[in-house]
Every structure is written in C-alpha cells, then in structure tokens.
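The following exchange asks on what grounds certain structural terms are applied. Each answer sets a value against its definition.

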Amino acid sequence: MDVDAGHGAALGRALPTQAPASKDIPLGKRLRSFLSFPGGDDDPVAKLTKTHRGIHPSADAGVLRRSYAIAENMHRGQMRKSGDPYITHPLAVAQICAELGMDTTTLVAALLHDTVEDTSYTLEALHSDFGPEVTHLVDGVTKFDKAFYGKAAEAETIRKMIVAAGKDVRVLVIKLADRLHNMRTLDARSPASRARIATATLDVLVPLCDRLGIQALKRDLDDVVLYHLEPDSYARIDDHVQNRPGWQEYLAEVSAKARSALRRQRVTAEVTVRPRHYYSIWKDTVAGGHAVPFDLPRIAVIVDGPPTDCYAALGAIHGQWRPVAGRFKDFIASPKNNLYRSLHTTVTGPDGRLVEVLIRTEQMHRFSEFGVATTYRYPKSTETADPSGADQLSWLKRVLDWQQDTTDAAQFLASLRCDLAEAQITVFAHGQAFELPSGSTPVDLAYELSPDTGDQCLAATINGRLAPLSSPLRDGDVVEIFSEADDHVEVEPDAPRGPRREWLGFVKSSQAQMQINRYFDEKNEPGMSIADKVKLGRATIGLTLRKHDRGLASEVPLRRLAEELGYPDLETMLVAVCERNLEPDAVVEQLIALVDHPD
Ligand code: MN
C-alpha cells in the first residue's frame, strides 16, 4: 500500500481532533475515541470498512477514515441533484469498489475522486496527503475543464482516462463505479438527460467494462441502463422475475439431480443457481421476438479441478439430460476476446423444460466475475485469466498503441467506440494469428502487420486465391499480403504509391483508419492533441528557463503561477503557452520572481 500518512494542508482542517493517547484514559475509551467520530455520530465508513475487511482482513481502516474526513470536509455544503449531501456519492462509489474486492488505495481514491474536480482541494494537497498512487488515480478520473476545452473536453477526458488506465487500470474501475452510482441516482434528472447519460454509458463504458472482464459490475451497469432507456420493458421483466410460481422449486430439483449426476461420474463440483440479469433476459426476449420475457432456468457448475474436469462434468450433465443441438459452446478451447472461459450448454431438463448450464473451474469463475479486478480481490493468487499469461489489459495496451498515433481526440473516441462495438475474428498470416474486428479486409490486416506494410500494400490472397483488397475476411481465413517492399513483387514505375483514400470506405480496424488518416494528415497541416500541446508548452517553458540558466526542481511554482494567472489548472496554462496566447518569456519572468521572492 502506498498511501502514506502525509501532513498535507487539508489534514489540519479536515480531521476530527483526536485525543492524545494518554495513560489516564482507559484503553477501551481510547480505542473508541480513535474509532468513532466525536459527537457520537455513527461511523460513516463502518459499512465500507466492514465490506473491505471482509475481503482483505488486514486492510488499514485508518486511511479510509482519513480520506473520508477530507472528502466530507471539502464537499461540505455541496448537494446532489437528489438533495442528498454530496459526500453520499463518493462514499457509494467506494462501497462499489469495496464490493468488487479492490484494494485500499482504490477505495481511498474513490472517496476523493471528485475533490479535485469539484472543490478547492488540489492535486498537490492530494499528493502530500496520500502520495503518488492515489494522486494518479484521482487525476485519471478528473475531467478536463469544459469552459476551457469546449467541445473537445469529453473526448479528451475519455482519452486521458484511457491513457491513465494504461498505467494503472484502477482508474477505469473507479470510473465505472462512479458511473454506476450516477446512473442509479439519475431519477432526479430530466428524462432527456437521463436518456443522454444512459446512452453514453451504453456506448463506451459498458463495452469497456466488458472488455475488462468485470462481469459483476457490467451486470449492474446493463440493468441500470435498461431501467432508464426502456422503463416499460424493465418493469415487465421485473414483474416476471418477481412472480414465477414453482421457479425456485424447479431449480432446486435440477441442482440436486445435477449434483448426483456429477457425483456418479466422480466430478467434484459445486452447483449453484445462476439467475440471469434483467438486461440479458430483455436481450434474448427481443432477439427471439418473444411476446413475454424469455428466461430459461440456469445453473452453474464450478468444478474443483483442472480445466479438463469441465469436460467430465459436461459428460455427466449430457448423460443425465439430452443436450439441445446447436446450443453447446466451448469458450474454454476458444475464449471470448475478453478472455471469458466456460462451457455453455442447454439441456432438456425435468418435465421437458429447457435448462441452461454453465461449466467452469473455480479459477475461470473468478476471472469471469472480476476480470482485471481479480488480482486485487485475490492478491496472493498468481493466476492469470488466460493460461498463456495474457490478461484483459493486453487489449487496453493495444488501444494505447494506436492512441499514440492519433492527433485528434474526437477521432480517438470514434475509433475506440468502433473497436469496442465490433465482434472479433481471427485470421492467419505468416503463420501467426491476428485478431481483427469482424468485417475486416486485407488492408486492415496489412496495417496490423505494420504501418509500412499497410501503406505499401498492393494485393492479397485469401486461402490461396487472389482477392480484392476490400474483401471482408472470415474467421479462420489464411491471408497473404503483397506489398511494394516485397522483393518478388514488381511495381510499375508510374503506378500510384501509398494508401488510397477509398480504403477509408471499407477498413474496419481503428489501426487502419488511424494510419490512413495519418498518412493523408501528414501531407496537409498536422494537427495536435491537447496532450501534445501540454507537452510542447512544458518544453517551451523549460527551454526559456534555460536561457536564464534556471531550471525547475518541482512543478509547484508552475501550478501556483497558473493559479495566480487565473487558469483552472497547470495543463490549461501550458496549452496557452503552446498556442502563444501566453508569452513564454513573460511566464518565465513571473516564475523566477515567484521562486526568488515568495511571500
Ligand atoms: Mn463522481
């Protein structure tokens, strides 16, 4: 845990005064004064601490109390649209993180996640109070200022969050928990803003959650989105779930029979009832065109043994009940792209009713529920989601690989959306497997191989036959790409070189779109992202300082100057320097004055 006990500015104001541990005061009372708030209020973090300690018994509850006290102090007087005190929100977000099994640092950052954005608490104060890890997490979920960045703010904010999550994925876990609680408390808002927020959630955050494999969180997000977007369907499904006579008894019978079938085959396994969440019932109802909610009884078989035991369990279940043709799926042999692994089957159960059965090992079960959060929930386990050692973060790293190449945040967001929405196919080239969005073409593959191969790609064969560059690839295709760089390819001297604009009309992957746009952008005026402008602004000040034989040991004077000049944060001032709305010489003069003559 990297949460250090700093002595930052906010501490003195925020912490309830603690009685010095004196020998005159009985231990019990001393402990009580330490554990509870003065004034006899109920400990507001009691539930949070209990949940957290239930999963991490030796966790430090003191730092939770300390961060709550600061958050409460800073947000005091602020209200949510519902009329509740603002602090109820960060506390609820921390509670969601605790239930996922996240570590203490995440919970501290969750409690403080809105302080920097919405109060006078600064990143510097946060840093000196709680250290670099918490600061990184809070900064990662802090929005860019809309007033200064205008329309680009949302896209830049999402990109900033994804980049921060690349360094520490807990940023995204906090953001998802934040959104879940905001969605749960949307009732106080107008129908239009409810629909807008719910749609935005469905668009980016739900798929992100899915990619990170955190099903436990995704189910809740799914359901709350359905509640706001399809209130009537939600009510209908709720009514169906609350009133289905004989359902429990039927599932108890199915579970008991499954247990004895497994025992007969000597498979050690736990059988549990696994209700579907509302959104999943709704989806199947709509997809099948059913007039009433379509919801099959479902059980999960968690085997205690190696993955091969799952197939033994499958044999036991199929021996007991006839499987429905076409409903068996082996996500162990072919995991989903978020590394979900499990066997799925549907059988004709007692009384001829269809029953769904999920079969997985304990380890697969953990990863399917908690995804990237698994390593925090089970810190002692060294398991990974995939036997090859891959995890859900490989996908995030790939996203970040191409984010370096895009200059425009809006384009980044568009590509991210596209990458999140698509199903994936696997194709083979040069004896290697490549994952691409479904509908990808040889051009997408060429850019996946390398930007140069993409730019210079001329022709392709699919399964040995020459095919147009725009042909959609299918799962399992074997593809060969021919490019100008290949020795055996002869290019006519005046044939057009480089990518064609019409490729943009059919490529599917964000990598290809990005690279083709980059190729044409470089011929025109190159654009810059806010992050680049911040970098350049910082470098400009560094160079100007050097002209004066000066350097900066820390960012504190810069941040103070930004504040004095009326910028919402340092980054905004650096953008102003980059765009020459602020003269670097003037900044440096004032900076030197500030350092040499602090008042
Ligand atoms: Mn929030």
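**Contacts, cores and helices**

Q: What makes S67 and V138 contacts of L112?
A: Contact means heavy atoms within 4.5 Å. Leaving aside neighbours within four places in sequence, L112 meets this criterion with S67, I70, A71, Y121, L126, F130, V134 and V138. The model is predicted, with local features needing pLDDT of at least 70 and side-chain atom pairs pLDDT 80 or more, while totals for chains, interfaces and linings use all residues. Residues are numbered from 1 along each chain, and side-chain values use heavy atoms, without hydrogens and water.

Q: Why is L112 said to belong to a nonpolar core?
A: Such a core is a set of buried Ala, Val, Leu, Ile, Met, Phe, Trp, Tyr and Cys residues joined through side-chain atoms within 4.5 Å, buried being under 20% relative accessible area with a 1.4 Å probe, protein chains only. L112 is therefore a buried member of the largest core, of 74 residues, and is among those that touch the most other members, as are L126 and F130.

Q: Which residues belong to another core?
A: Apart from the largest core lies one of 24 residues, among them V267, I332, V347 and M364.

Q: Which residues of helix α18 count as buried?
A: In α18 (residues 362-370), a DSSP run of H or I with at least four residues, these are M364, H365, F367, S368, E369 and F370. They pack against elements including α5 (88-100), α13 (215-229) and α17 (308-320).

Q: What follows α18?
A: G371 follows, with a positive phi near 50°.

Methods
Buried means under 20% relative accessible area, exposed over 50%, partly exposed in between (1.4 Å probe, protein chains only). Helices (H or I, at least four residues) and strands (E, at least two) are DSSP runs, numbered from the N terminus.
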